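Let's take a walk through this one, starting with the empty spaces and then turning to how some of the pieces pack. Have the model open as you read.

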Amino acid sequence: MTCAALWAALCVAGPAHAQPDTEVVLTARDGALRVEGSLLGFDGTFLRVATEHGEVTLPLAKVNCEGAACPDPASFVPMLRLSGTARLGETVLPALVEGYARAHELVPERREGPDGRALYTLAGTDGAPLLRFAFRLTSSEDGFADLLANEADIAMTERPLDEDELAMARDAGLGRLDAPGRLQLVALDALVPVVAPGRGIEALSLPQLSRLFAGEIADWSELGAGAGPVRLHLGPAGSGQMQGFEAMVLGRFDRALAEEVTRHADEAALAAAVAADPDAIGMLPFGRVGNAQPLALTGPCGLRSTARPETVTTGDYPLTLPLALYLPMRRFAPAVDAFLEWIPTAEAQLVLRRAGVAGLAPLPIPIARQGDRIAGAVIAAGDDTDLRDLQRMLRVLKGRERLSPTFRFETGSAALDAVSRSHVVQLAQAIRDGSHAGQVLLLAGFSDGLGGPDANHDLALERAEAVRAAVLSLLGGRLPEGNLLEVAAFGEALPVGCDDTEPGREINRRVELWAGPAPVPPR
């Protein structure tokens, strides 16, 4: 291999720091090039090495490797290191690993590592190990920090990374972690407020929930729910769920968590404590409420939202949390790629449902089951929405059913947010694979109630067209034969949240996916 050809095989990333115990020297077989540095990883074919000039990737078959860290391809077993939120690493992904083993007739073995990591090995029927997983249970922030430090191959998060984190990842040579394919949405979770059965309350607004956990509402009588001191219960302070709760409920209203909070190590203990205490209130994932009574979320306009599979998968429930993996721009072993590609399959979706989270399979929601939404649209209609707008919307949607993937946007723009970009990839794959052949898909754009009706219609249409353009881009610019993807816009005609609150306006700015049968051509 010539020096020029070898350099052509290099994938150069940002600088990394060498560790003495991982030093290797790589020399081209013809002696034309010598690379020295710290071995960062091996996928069975390619070596990743941190050099003084940055990170490089080289095929092991084309170089001689010297040093104690040099891998032996004959005995190599891929290891996937995942770090981040316990909701993914403790429950959801282990369930997927075991489900993947069952689906592929592999034998899973779990053990605890000396550093507190949970270690899984998947072996063939002959006992030979084929794939290993190591889970480090921390938080979304620490999982991202481990990814930056090359202590993890994938970060597990319960929230999208912010702009500062994305910039740090680019500077570290991990690529654009918000690009299609870099964020893999695994499932959707949601937090619900829970009380003891018989507390005498069915719903809370987000401002009330914020005031409760800030200690500003100290007695249930202030909410008309009978007298009794409010007692607050939450999960571990460092968990991604609790960080998400503080950001979405307290931070949104510039409040801080009260000092008097009882913490619980796990969801079962929290649910049991709340169910046994008539004065307690806690926050739990929607599939893990135990014997506690979940509360709906309500707004000043009277619209209510309850955490159910359809409201969580659509993101219409305000406290929905994305459970996501962030994959850096690097190669993974084929066995790792096969596992990641299995996650969106129908088999994996059943595993996710049993794990108590909402999967990614498009959930059909017939219009007949949306009476509350439509009634709410009539009740909440403002001066800019008249009966003709609602009639036009229902004429277009009649005969179709809503599919759960819903696309939302960065604040004040037609740019899709990170979770919605993942939905675009999944929709494009489903169209490519023929899942929607013979259907007419409709991207229905909606807006919040700010601005005039014409401007809201135009912005809703622009967003629907942006989703269509993104799907077409992934499909090479055109739809496969037999597929139709239309757009429509209805402005503020069908709110799912109250427009007099910012959380309500956020979930109202969306593009819904609807499907109906293709028209029968006239004879």
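**Open spaces, a helix crossing and a strand residue**

Start with the largest pocket of this predicted model: 38 residues line it, and Pro-160, Pro-322, Asp-417, Val-419 and Glu-506 are the ones nearest its centre. Several elements each give two or more residues to that lining: helix 4 (163-171), helix 6 (240-250), strand 19 (320-326), strand 21 (401-408), helix 13 (418-432) and helix 15 (502-508). Helix 13 supplies the largest share, five residues. The space inside the largest pocket comes to about 1200 Å³. As for what the walls are made of, sort the lining by class and you get 15 nonpolar, 10 polar and 13 charged residues.

Now move on to the second largest pocket, which holds about 850 Å³ of space. Its lining runs to 36 residues, with Pro-344, Ser-422, Val-425, Gln-426 and Gln-429 lying nearest the centre. The elements that give two or more residues here are strand 11 (183-195), helix 9 (334-342), helix 10 (346-354) and helix 13. So which element gives the largest share of this lining? Helix 13 does, with 10 residues. Keep that helix in mind, since helix 13 also gives the largest share of the lining of the largest pocket. By class, the second largest pocket is lined by 19 nonpolar, 10 polar and seven charged residues.

What about enclosed space? There are three cavities of 30 Å³ or more. The largest cavity contains about 190 Å³ of space. It has 18 lining residues, and those closest to its centre are Thr-298, Gly-299, Pro-318, Gly-497 and Cys-498. Helix 5 (206-213), strand 17 (296-298), strand 18 (304-305) and helix 15 each give two or more residues to this lining. Helix 15 gives the most, with three residues, and you've already met helix 15 among the elements lining the largest pocket. Split by class, the cavity lining has 10 nonpolar, seven polar and one charged residues.

Next, back to helix 9, this time for its packing. How do helix 2 (residues 86-103) and helix 9 cross? Their axes come within 11 Å and cross at roughly 105 degrees. Angles of 65 to 115 degrees count as roughly perpendicular, so helix 2 is roughly perpendicular to helix 9. On the helix 2 side, the residues in contact are Leu-93, Leu-96, Val-97, Gly-99, Tyr-100 and Ala-103, and they meet Ala-335, Ala-338, Phe-339 and Trp-342 of helix 9. By class, this contact is made of nine nonpolar residues and one polar residue, with no charged ones. Remember that helix 9 also gives two or more residues to the lining of the second largest pocket.

Finally, zoom in on a single residue. Glu-109 sits in strand 7 (residues 107-112). With a relative accessible area of 49%, Glu-109 is partly exposed, because the exposed class takes values over 50%. Leaving aside residues up to four places away in sequence, Glu-109 touches Leu-119, Tyr-120 and Thr-121. For a sense of distance along the chain and through space, take Ala-134: Glu-109 and Ala-134 are 25 residues apart in sequence, and their C-alpha atoms are 12 Å apart.

Technical notes. Residues are numbered from 1 along each chain as its sequence is written. This is a predicted model: local features need pLDDT of at least 70, side-chain atom pairs count only at pLDDT 80 or more; totals for chains, interfaces and linings use all residues. Side-chain values use heavy atoms; hydrogens and water are left out. On a 1 Å grid over the protein atoms alone, a cavity is a set of points where a 1.4 Å probe fits but cannot get out, and a pocket is an open set with protein on both sides within 12 Å along at least five of seven lines; lining residues have an atom within 4 Å of a point. Grid points are joined across faces, edges and corners, and a volume is the space filled by probe spheres set on the points. Helices (H or I, at least four residues) and strands (E, at least two) are DSSP runs, numbered from the N terminus. Ala, Val, Leu, Ile, Met, Phe, Trp, Tyr, Cys and Pro count as nonpolar, Asp, Glu, Lys and Arg as charged, and the others, Gly among them, as polar. Axes are lines fitted to C-alpha atoms, for helices over the stretch in contact, and angles run from 0 to 180 degrees between N-to-C directions. Angles under 35 degrees count as roughly parallel, over 145 as roughly antiparallel, 65 to 115 as roughly perpendicular and the rest as oblique. Contact means heavy atoms within 4.5 Å. Buried means under 20% relative accessible area, exposed over 50%, partly exposed in between (1.4 Å probe, protein chains only).
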